[in-house]
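Student: I would like to go through this structure slowly, asking at each step what justifies the words we use. Could we begin once it is in front of us?

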Amino acid sequence: MQLRIPGPTPLPDAVREALGRQMINHRGPEFAELIGRVTARLKTFFQTTNDLILLTASGTGALEAAIVNTLSPGDRILAVSVGVFGDRFAEIARAYGAEVVPLSFTPGKAADPEAVLRMLKTSGPFRAVLVTHNETSTGVTNDLEAIARVVRETESLLIVDGISSVGSIDLKTDAWGCDLVLAGSQKGWMVPPGLAMVSISPRAWDAYKLARMPRFYWDLGKARASLERGQTPATPAVSILFALDVALGLMEREGMSNIFARHHRCAERTRRGVKDLGLDLFADEAHASDTVTAVKIPDDLDVSQLLQVLRSEGVVLAGGQGPLAGKMFRIGHLGWINESDVDEILAALSRALPRARRAPITR
Ligand SMILES: Cc1ncc(COP(=O)(O)O)c(C=O)c1O
C-alpha cells in the first residue's frame, strides 16, 4: 500500500513496534527521561535552542496554542495566507478576538516578501505576523527566510506554521528569528497523529506574560513548568512519544541535510513525472513544495474516479481541500519515502489516467 496523502504518513516497522509497547507511569522517572530526550532531539530538527513544548493535539492545537499564549483580544495582527491553512490560522486568531488584517495571495502562488514589507510599513504596527511555511493545500513553500527578514525589522512576533515542513524542509528557527514554530507528528516525522510541537523564543515568552486571551489546556507556561519536572500538565499521548523517540533515532541516523536532500529529490522526481504524464502543476514551480505536490485537474479528467482507481491499485492520494476541491489532487512525499516509492506512484498514475477520462460529450 502506498499511502501518499500529505499526512498521516506511513510508519517504518521500528516505529510501529514502538507503538505496541506497554504503558508506563507518565508521572514516573521513565517518562521524565523519555520526554526530556525527545524534546532535546526535536530542538535539533527545529534548529533552535529555544524552549520546545510537546502538546497532545493535532497540528491545529499548536496553531491555537501559539495564538492564545502570545496575544490579547483586540491585538492587530497580520495574517499572511496562501491557502486553506493560512486562512485557518487567521480564523483561529479572529475566534479569540484578534483584529486580523489579512494579506492573501492567489492559491498556487507564494507570499511576496515585498508585499509583506509594504503592509508592515503602511498598515503596522502589528503585534504578530502569522505565516505558513509550507502550504499543504496548494503545494507551495513560502520564502520564509525573506519574510522573516522583513518582519525582524519590526517589533512584531513571527509565528510560523511549520506543520508540513519542519523536519522535512529546511526551516532555521533561530537563524531566521522565528518566535514560534509549530509542527505536527503525522507529517515528516513518520509518526501517527497525536502530538503537536511548539518552539518558543524568549521574545514570545515576554509576550506570554502580557497575553490575555483565555487559555487552559493550551497554557504553554504551565507546560514549561511541568516539563522542568519531566511531566506534562495533563495525560500525554505516551505511545506517540515512544514512536517519536524511535523515529528521531532513524532521522538522526540519516542526518538532517540528507533528509532535506531526499525530500527535494523525491519532489523533483514527482514534479517531472507528473509533467511527463501531460499534467500541470498547481503551484508556481519556483516555489513548489518538497513535501507535497498539487496537480491541476484538466477538464476531461474526473478526479474522484481517478482517486478511486488509484485506491483500487493500492495508491492513496488526496483531493483538493475546501474551495480547491475538484480542482486538483495532491501527492504527499514526506517522511518515509524514497525514489522507488515515487516511481510506483507515477506508474500507478499513468495506468489510472486513461480510466478516469470523462467520456467526450456527443451531440
Ligand atoms: C500547513 C498545515 N497547517 C495546519 C494543519 C492542520 O493540522 P492538523 O490537521 O494536524 O490539525 C495542517 C494539516 O494538514 C497543515 O498541513
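Student: What makes lysine 187 a polar contact of the ligand in this predicted model?

Tutor: An N or O atom in the side chain of lysine 187 is 2.6 Å from an oxygen atom of the ligand, and since the cut-off for a pair of N or O atoms is 3.5 Å, the pair counts as a polar contact.

Student: How do you know that threonine 136 and aspartate 161 belong in that category too?

Tutor: The reasoning runs through the atoms again: a polar side-chain atom of threonine 136 lies 2.4 Å from an oxygen atom of the ligand, and for aspartate 161 the partner is a nitrogen atom of the ligand, at 2.6 Å from a side-chain N or O atom. Both values are within 3.5 Å, so both are polar contacts. Altogether 13 residues surround the ligand, and the closest are Ser58, Thr60, Thr136, Asp161 and Lys187.

Student: Why is the pairing of arginine 76 with glutamate 99 called a salt bridge?

Tutor: Side chains of opposite charge can pair when their charged atoms come close. Between arginine 76 and glutamate 99 the N to O distance is 3.4 Å, which is within the 4 Å that the rule allows, so the name applies. This pair links distant parts of the chain, with arginine 76 in strand S3 (residues 76-81) and glutamate 99 in strand S4 (residues 99-104), 23 residues apart. By this rule the structure has 24 salt bridges.

Student: Which domains make up the protein, and what shows that they touch?

Tutor: The protein is divided into domain 1 (12-252) and domain 2 (255-356), whose C-alpha centres lie 26 Å apart. As for touching, 28 residues of domain 1 are in contact with 23 residues of domain 2, and the two domains bury about 2,000 Å² between them, 65% of it on carbon and sulfur atoms. On the side of domain 1, Ser137, Gly139 and Ser168 lose the most area to domain 2, together 20% of what that side buries.

Student: What kinds of pairing does the rule find across that interface?

Tutor: Across the interface of domain 1 and domain 2 there are zero salt bridges, whereas nine residue pairs are in polar contact. The elements of domain 1 that give two or more residues to this side are helix H2 (29-46), helix H4 (84-95), strand S7 (140-141) and helix H10 (238-254), and by class the side has 10 nonpolar, 13 polar and five charged residues.

Student: What makes the backbone at proline 8, proline 125 and glutamine 47 worth a remark?

Tutor: Most residues other than glycine have a negative phi, and most peptide bonds are trans. Here a cis peptide bond with omega of about 0° joins glycine 7 and proline 8, and proline 8 sits in the loop between strand S1 (2-3) and helix H1 (13-19). The bond from glycine 124 to proline 125 is also cis, with omega near 0°, and proline 125 is in the loop between helix H5 (113-123) and strand S5 (128-132). Glutamine 47, although not a glycine, has a positive phi of about 55°, and its place is the loop between H2 and strand S2 (51-56).

Notes. Residues are numbered from 1 along each chain as its sequence is written. This is a predicted model: local features need pLDDT of at least 70, side-chain atom pairs count only at pLDDT 80 or more; totals for chains, interfaces and linings use all residues. Side-chain values use heavy atoms; hydrogens and water are left out. Domain bounds come from an automatic or database domain assignment. Contact means heavy atoms within 4.5 Å. Buried area is the accessible area (1.4 Å probe) that two parts lose on being put together, summed over both. A salt bridge is a side-chain nitrogen of Lys or Arg within 4 Å of a carboxyl oxygen of Asp or Glu. A polar contact is a pair of N or O atoms within 3.5 Å; within protein, one must be able to donate a hydrogen and the other to accept it, and residues adjacent in sequence count only if both atoms are side-chain atoms. Helices (H or I, at least four residues) and strands (E, at least two) are DSSP runs, numbered from the N terminus. Ala, Val, Leu, Ile, Met, Phe, Trp, Tyr, Cys and Pro count as nonpolar, Asp, Glu, Lys and Arg as charged, and the others, Gly among them, as polar. A residue is near a molecule or strand if one of its heavy atoms lies within 4 Å of it.
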